[in-house]
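Here are some short exercises to work through with the model open beside you. Try each task before reading its solution.

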Amino acid sequence: MSEGKSVRRLILEGGAIVLSILAAFGIEAAWEERGERVRERDAVAQLIGEFDLIETRLVTLDSVYEHGRFSGAAPLRELLGVMGSAPGAFSDVRLDSLIASSLGNPRTELPEGVLSALVGSGQLALIQSDSLRIALAEWAPLRETVRADTEALARFNGEYLLPFLWENASVRALDVNTRYHVELGLGPFDRNHWPLLQSRTFENLINERLTSLEASSDRLDAVLAHVRLVLRLLRTEGSDS
């Protein structure tokens with residue numbers, strides 16, 4: 001009888017030890033999961049801040065693409081509208097301004113520090129939403145699209161439009177590039193620039209730049225829509241975690 005009690009006591013004590021171990025593991029796992037959720041909330045909050053800034057800068061770039069004084073599509077359409085005008089059809093000041101409107105290069109700087117750090121540290125895996133992780137993974141090529149478009153516009157100016165104006169109208173236009181009006185005021189150009197309005201080459205250059213601006217603006221609309229999707233998913237994830 002005494003021996004049977006000892007066996008039962010050993011079984012009970014052993015069971016208690018096993019339960020204690022399991023409970024300890026359970027508590028540790030719970031704390032680990034809680035820590036992961038805290039880190040996820042922190043990561044989501046930082047990403048919201050970064051993508052809010054990205055959205056703001058893309059909205060600004062979108063406005064520049066259309067209405068920018070030195071680099072927008074609207075001034076180029078106005079310039080194309082007066083192509084073929086005879087000398088003196090309107091003021092030299094207006095013509096100076098219209099020609100200079102083709103010289104600027106849209107620019108933007110899109111932050112990437114938070115997302116890059118999360119990817120580099122492997123903490124992006126903390127985010128539970130598959131849709132959000134996919135949307136974040138798709139951001140890098142879209143960001144590259146924006147950068148490539150602004151660089152292509154600048155390269156077109158540097159390789160084609162500015163050299164043409166250097167040869168045919170104005171030394172100053174090349175010297176000051178996008179800051180023509182800011183630094184020198186409204187012209188006049190160094191040589192008679194009315195013949196530009198009769199130049200088929202100049203008209204083709206302006207048409208090509210306008211086409212590039214409009215295509216860049218269309219691509220930017222898609223990029224902006226994706227950024228807003230990311231923000232929506234981030235805010236949903238933040239409220240759920």
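**Exercise 1.** Find which residues phenylalanine 51 is in contact with, leaving aside its neighbours within four places in sequence.

*Solution.* This is a predicted model, so your own contact search runs on predicted coordinates. Start from phenylalanine 51 and skip the residues within four places in sequence; what remains is Leu115, Leu136, Trp139, Val227, Val230, Leu231 and Leu234. Next, check burial: phenylalanine 51 and tryptophan 139 are both buried.

**Exercise 2.** Place phenylalanine 51 in the largest nonpolar core, and work out which helix gives the most to this core.

*Solution.* The core holds 53 residues, and those touching the most other members are Phe51, Leu58, Leu136, Trp139, Leu165 and Phe202. Now sort the core by element: two or more residues come from each of helix 1, helix 2, helix 3 (92–100), helix 4 (113–121), helix 5 (130–137), helix 6 and helix 9 (200–240). Helix 9 comes out ahead, giving 12 residues.

**Exercise 3.** Count the aromatic pairs in the whole structure, then classify the pair of phenylalanine 51 and tryptophan 139.

*Solution.* The search returns 4 aromatic pairs. For phenylalanine 51 and tryptophan 139, the ring centres are 5.7 Å apart and the planes meet at 65 degrees. Planes over 60 degrees apart count as edge-to-face, so this pair is edge-to-face. Then look at where the partners sit: phenylalanine 51 is in helix 1 (residues 2–67) and tryptophan 139 in helix 6 (residues 139–168), so the pair ties together parts 88 residues apart in sequence.

**Exercise 4.** Do the same for phenylalanine 156 and tyrosine 160, and decide whether each is buried, partly exposed or exposed.

*Solution.* Here the centres are 5.6 Å apart and the planes are at 35 degrees, so the pair is tilted. The two residues are 4 apart in helix 6, which means a separation of about one helical turn. For burial, the cut-off is a relative accessible area under 20%. Phenylalanine 156, at 9%, is buried, whereas tyrosine 160, at 47%, is partly exposed.

**Exercise 5.** Which residues of helix 2 are buried, and how are they arranged around the axis?

*Solution.* In helix 2 (residues 73–81), the buried residues are Ala73, Pro75, Leu76, Leu79 and Leu80. Looking down the axis of helix 2, you find these residues within an arc of 160 degrees, so they line one face of the helix.

**Exercise 6.** Describe the surroundings of leucine 196.

*Solution.* Locate leucine 196 in the loop between helix 8 (180–184) and helix 9. Its relative accessible area is 3%, so leucine 196 is buried. Beyond residues up to four places away in sequence, leucine 196 touches Met83, Ile99, Phe164, Leu165, Asn168, Ala169 and Phe202. Take methionine 83 as a check: its C-alpha is 8.2 Å from that of leucine 196, with their positions 113 residues apart in sequence.

**Exercise 7.** Step back: how many helices and strands are there, and what share of the residues is buried?

*Solution.* Counting elements gives 9 helices and 0 strands. Of the 241 residues, 38% are buried. Finally, take the contacts between residues at least 6 apart in sequence: 81% of them join residues at least 24 apart.

Conventions
Residues are numbered from 1 along each chain as its sequence is written. This is a predicted model: local features need pLDDT of at least 70, side-chain atom pairs count only at pLDDT 80 or more; totals for chains, interfaces and linings use all residues. Side-chain values use heavy atoms; hydrogens and water are left out. Buried means under 20% relative accessible area, exposed over 50%, partly exposed in between (1.4 Å probe, protein chains only). The arc is that of the directions from the helix axis to the C-beta atoms. Rings of Phe, Tyr and Trp (its six-membered ring) pair if their centres lie within 6.5 Å; planes under 30 degrees apart count as stacked, over 60 as edge-to-face and the rest as tilted. A nonpolar core is a set of buried Ala, Val, Leu, Ile, Met, Phe, Trp, Tyr and Cys residues joined through side-chain atoms within 4.5 Å. Contact means heavy atoms within 4.5 Å.
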